[in-house]
Amino acid sequence: MPELPEVERARALIEERALHRRIVAVDDTDTYVCRPHAPGEIADALVGRELVTAQRQGKSMWCQTSGDGPALGLHLGMTGRIVVDDAEAGDPPPAAAETRRADRFSIRFADGGALVLRDRRRLGRARLEPLIDRLGPDAAEVGRATFRERVGRGRTAVKARIMDQSVIAGVGNLLADEALWKAGIDPRRPAGELEETELDRLRNAIRAAARSALRKGGVHTGALIPARHRDGACPRCGTPLHRATIGGRTTWWCPVDQR
Ligand SMILES: [Zn+2]
C-alpha cells in the first residue's frame with residue numbers, strides 16, 4: 001500500500017513534469033474512481049486549464065488549476081501509481097499486459113503527453129475539490145504541542161490513533177509499528193493514558209521514520225520492519241515479536257521493550 005513516501009514521490013513527479021501544460025482532454029469515464037462525479041464533469045472543469053501546483057498532506061494529494069479552476073484531488077488507494085508521459089511513481093508495475101487496462105483516469109496535454117492514474121485494484125480516486133480540511137497535520141511536520149493535544153486523548157489504542165488520518169496525516173501500518181517500537185510504547189495502550197514524555201518520544205520517532213523514508217525516495221528501511229514476520233525477533237533484544245490485529249491492521253511489537 002502506498003504510504004507517505006510513495007505519495008510524496010508521485011507528488012514530486014507531477015510537480016516536475018505535469019505542471020503548466022494545457023489540458024485538452026480528460027478521461028473520467030470510470031464512475032467508481034471518479035465518484036461522486038458524472039462522466040464528463042471533471043473533463044468540463046479541467047479542459048483548457050493547466051495544473052499549477054502539486055500539493056500533499058499526509059497521503060492525500062491535490063493540484064490547483066489555472067484561472068481559479070477547481071482543485072483536482074488524486075488518491076493512490078492501495079495499488080495506484082501516477083504516470084506522467086513515460087515516468088512512473090508509486091507501487092512496482094504490474095505485468096505489462098495489465099498495464100493499459102489499469103488506467104483509471106487520465107489527463108491529456110496539448111503537447112501530446114499525459115498524466116495517468118494507473119491502478120490495478122481500482123481503489124484510487126480522482127475528484128474535484130477534495131476535502132483536505134478533514135485531514136490532520138502532516139506526520140513529518142507536526143509540532144510537539146499539536147501532537148500531544150491531538151494524539152494523547154481517548155480510549156482508542158495508540159496505534160489506531162496515530163493511523164487515523166484525521167488526527168495526523170500520513171502514518172501507515174509499517175511506519176506505525178516502526179515508530180512505536182522505536183519509542184518503546186505498547187501499541188495496545190489507550191492513547192489518552194500516555195505520558196507527555198511518551199508522546200514526545202513517539203512524535204520524534206514518527207517524524208524521524210517519515211523523513212528518513214521520504215529522503216530515501218519511498219524505501220522503508222526501519223529496524224523493525226524487516227522483522228515483521230513469523231519467527232521475527234526484536235532487533236534490539238532478540239525477544240520473539242508478538243502479533244495482533246489493532247485498528248484492523250496486523251501489528252508486530254516487542255513485549256519486552258514496548259510498555
Ligand atoms: Zn525487544
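Two strands are taken to pair where DSSP finds at least two bridges between them, and on this basis strand 3 of the predicted model can be placed between two partners. Three bridges connect strand 3 with strand 2, which spans residues 55–57, and the two run antiparallel; within this pairing, Gln-55 has Trp-62 of strand 3 as its bridge partner. The hairpin formed by strand 2 and strand 3 has two residues between the strands, and Gly-58 adopts a positive phi near 60 degrees in it.

With strand 4 (residues 69–75), strand 3 shares four bridges, and this pair is likewise antiparallel. Thr-65 lies opposite Gly-69 of strand 4, and the hairpin that strand 3 and strand 4 form has three residues between them, with Gly-67 in the turn showing a positive phi of about 60 degrees. Strand 3 itself, comprising residues 60–65, is mostly covered, five of its six residues being buried.

As regards nonpolar packing, the largest core of the model contains 31 residues, of which Ile-14, Ile-82, Phe-105, Ile-107 and Leu-115 touch the most other members. When neighbours within four places in sequence are left aside, the contacts of Phe-105 include Val-26, Cys-34, Ile-42, Leu-72, Leu-74, Leu-115, Val-116, Leu-117 and Ala-126, together with Asp-27 and Asp-28. A second core, separate from the largest one and made up of 25 residues, has Ala-139, Phe-147, Ala-191 and Leu-194 among its members.

The model also contains a zinc ion, which is coordinated at 2.1 to 2.3 Å by the SG atoms of Cys-234, Cys-237 and Cys-254 and by an OD atom of Asp-257. Along the chain these donors follow the spacing C-x2-C-x16-C-x2-D. Distant parts of the chain are linked by the pair Cys-237 and Asp-257, which lie 20 residues apart: Cys-237 belongs to the loop between helix 7 (196–215) and strand 10 (242–246), whereas Asp-257 falls in the segment after strand 11 (249–253).

The arrangement around the zinc ion is tetrahedral because its four donor atoms subtend angles of 96 to 116 degrees, and the criterion for four donors requires all angles to lie between 85 and 135 degrees. For comparison, the ideal angle for four tetrahedral donors is 109.5 degrees. Cys-237 has a relative accessible area of 36% and is therefore classed as partly exposed; Asp-257, with a relative accessible area of 22%, is partly exposed as well, given that buried residues are those under 20% and exposed residues those over 50%.

Conventions
Residues numbered from 1 in each chain as written. Predicted model: local features only at pLDDT ≥ 70, side-chain atom pairs only at ≥ 80, totals over all residues. Heavy atoms only, no water. Buried < 20%, exposed > 50% of the residue type's maximum accessible area, 1.4 Å probe, protein only. Donors = N, O, S within 2.8 Å, 3.2 Å for Na, K, Ca; no water. Tetrahedral: all angles 85-135°; square planar, octahedral: opposite > 155°, others 65-115°. Core = buried A, V, L, I, M, F, W, Y, C linked by side-chain atoms within 4.5 Å. Contact = heavy atoms within 4.5 Å.
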